[in-house]
Amino acid sequence: KNYTAPQESARPQPTVRFNIKFNESYSEVQVPKAKPIRRVHFHGSSHISVLFQMYGSVWPAVIPYCLFNVLLTYAVFITNRYTDINLCIGDSGHSFMSMLIAFLIVTRAKLAYGRYMEARHYLQNVYRVSRDLIQNMCVMTQHSRSEGAKKWRRDVAYRTIVLLRVTMAAIEFNSNEEESAWDTVPESIRSSRTKSIMTSRTSLERQLSVLAHGSRTRSDENFRAPLVLAHALRNEILSQRSGDRIKTRRADTKTPMHPNEERVLYRYVTEFITAFHGLKKLVTTPFPFPLVQMGRTFLFVYTYTLPFALAHSMHHPLGAMLMIFFITYGYLGLEYVAMELDDPFGDDPNDFDDLGLARVVFEDIYMNIYKVDGKESLHILRHQVAERLEKSGALEDLRSSICEDMMHTSLDVLSAS
């Protein structure tokens with residue numbers, strides 16, 4: 001295979017080269033190599049590696065709090081022993097507070113884990129629907145092997161790949177604002193109506209502003225991109241009705257595809273958008289702030305007053321310091337686990353490798369095209385994806401093209417009214 005997963009010690013390289021063969025000639029395409037992301041891997045059967053692995057652990061984040069609390073405990077014991085100042089407090093309050101702290105921290109971690117698995121479920125639906133859409137399209141239209149049919153299948157596959165790639169960029173934007181979802185849309189996808197726009201872009205934006213219902217953030221615009229591309233994908237699926245794509249007609253309906261087959265393909269697009277809206281819900285709905293604030297307030301008050309309570313009931317500082325270390329690690333560690341699970345989209349070790357899984361879907365789509373249309377059609381599609389979707393410098397112009405097309409449509413509405 002042309003793609004090799006990066007090792008844990010790999011560093012970002014400038015480019016990866018794909019040699020794409022067309023008959024006997026080779027066309028070399030250079031695309032930027034994806035940033036290596038070291039996901040967390042561990043052997044559950046090895047207790048030693050689980051206990052002492054630092055990568056992906058909360059230990060690096062929690063250890064400073066543990067050490068500070070240990071030093072605080074030691075300072076309390078030293079002050080009580082060698083001065084006339086008594087810093088001890090009764091431990092009955094902490095006995096009651098510990099139940100509340102445990103409830104708040106464990107509940108938060110449980111809810112964060114539930115959101116984490118829900119996000120993974122929606123991601124899996126996005127990947128499954130993308131595969132099933134192309135596979136069913138290939139099976140339903142394999143009776144036609146004309147060049148028009150091959151091009152139509154490639155176009156639907158290409159737009160599906162673009163939709164999936166842009167969706168990954170949209171859900172990662174809040175975690176990594178370096179890449180906008182619009183910047184990942186290839187320059188080649190633009191409406192034919194855009195080419196006929198005679199009005200300047202500045203004039204269009206000025207006239208379109210009357211349709212706005214308020215200011216929109218970059219995040220709002222990002223989540224609009226997959227919806228626009230889903231509309232384009234539906235139009236591409238419907239384009240086979242024109243007759244110049246799939247020339248072979250069915251004997252029963254006299255159409256390239258049976259209407260029920262079209263409904264199946266449209267249903268997959270609908271399922272994709274349903275899963276996308278689920279992902280959008282999780283990205284745009286943060287964990288309830290009052291619950292986070294209350295839990296964290298009780299957490300820090302309880303954790304950093306515990307040394308004063310233990311000094312009342314324990315007389316040996318070493319045992320108290322050891323107990324304080326692990327209690328601090330337990331409570332603050334659970335809080336950091338919940339914080340890690342709150343946003344599973346990005347480049348953190350415990351985040352989903354959503355783009356890596358999407359690229360596996362791309363390869364599965366290539367396999368379906370290869371089985372129906374052969375090697376030549378596969379190489380054309382792969383070259384198209386490498387040149388227009390992955391190549392550096394080819395991902396920046398489509399946003400203006402789609403925006404102009406949306407403005408043109410809006411101007412039609414304005415002129416009609």
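Which residue forms a salt bridge with Arg-128, the closest N and O atoms being 3.6 Å apart? In this predicted model, the partner is Asp-132. Both residues belong to helix α3 (residues 92-140), where they stand four residues apart, about one turn of the helix. This report describes the chain as a whole and then turns to its charged and aromatic side chains.

## Overall architecture

The chain has 417 residues, of which 41% are buried. Its secondary structure consists of 11 helices and two strands. Read from the N terminus, the order of elements is β-β-α-α-α-α-α-α-α-α-α-α-α. Among contacts with a separation of 6 or more, 78% are made by residues 24 or more positions apart. The accessible surface amounts to about 22600 Å², and carbon and sulfur atoms account for 58% of that area.

## Salt bridges

Side chains of opposite charge can pair when their charged atoms come close. A search of the whole structure yields 13 salt bridges. Three of them are set out below.

| Residues | N to O distance | Location |
|---|---|---|
| Arg-128 and Asp-132 | 3.6 Å | both in helix α3 |
| Glu-271 and Arg-128 | 3.3 Å | helix α7 and helix α3 |
| Glu-335 and Arg-296 | 2.7 Å | helix α9 and helix α8 |

Arg-128 therefore appears in two of these rows, with Asp-132 as one partner and Glu-271 as another. The salt bridge between Glu-271 and Arg-128 links distant parts of the chain, with Glu-271 in helix α7 (residues 259-284) and Arg-128 in helix α3, 143 residues apart. Arg-128 is partly exposed, at a relative accessible area of 33%. Glu-271 is likewise partly exposed, with a value of 26%.

The side chains of Glu-335 and Arg-296 also meet in a salt bridge, at 2.7 Å from N to O. Because Glu-335 lies in helix α9 and Arg-296 in helix α8, this pair ties together parts that are 39 residues apart in sequence. Glu-335 is buried, with a relative accessible area of 3%, whereas Arg-296 is partly exposed at 28%. Both residues belong to a network in which salt bridges that share partners join Arg-108, Arg-296, Glu-335 and Asp-342.

## Charges over rings

Arg-108, a member of that network, also has its charged end over the ring of Phe-287, 4.7 Å from the ring centre. In a further case, the charged end of Arg-267 sits over the ring of Tyr-268, at 5.6 Å from its centre.

## Aromatic pairs

A pair of aromatic rings is described by the distance of the centres and the angle of the planes. The structure contains 11 aromatic pairs. One of them joins Tyr-302 and Tyr-331 in an edge-to-face arrangement, with 5.5 Å from centre to centre and 80° between the planes. Tyr-302 is located in helix α8 (residues 289-313) and Tyr-331 in helix α9 (residues 317-342), so the pair connects parts that are 29 residues apart in sequence.

Are these two tyrosines buried or exposed? Tyr-302 is buried, with a relative accessible area of 7%. Tyr-331 also counts as buried, at 18% relative accessibility, because the cut-off for a buried residue is under 20%.

Elsewhere, ring pairs link Tyr-65, Phe-68, Phe-300, Tyr-304 and Tyr-336 into a cluster. Helices α8 and α9 are thus tied together by the aromatic pair of Tyr-302 and Tyr-331 and by the salt bridge of Glu-335 and Arg-296.

Conventions
Residues numbered from 1 in each chain as written. Predicted model: local features only at pLDDT ≥ 70, side-chain atom pairs only at ≥ 80, totals over all residues. Heavy atoms only, no water. Buried < 20%, exposed > 50% of the residue type's maximum accessible area, 1.4 Å probe, protein only. Contact = heavy atoms within 4.5 Å. Areas by Shrake-Rupley, 256 points an atom, 1.4 Å probe, with all protein chains shown as cover. Phe/Tyr/Trp six-rings, centres within 6.5 Å; stacked < 30°, edge-to-face > 60°. Lys NZ or Arg CZ within 6 Å of the ring centre and 35° of its normal. Salt bridge = Lys/Arg side-chain N within 4 Å of Asp/Glu carboxyl O.
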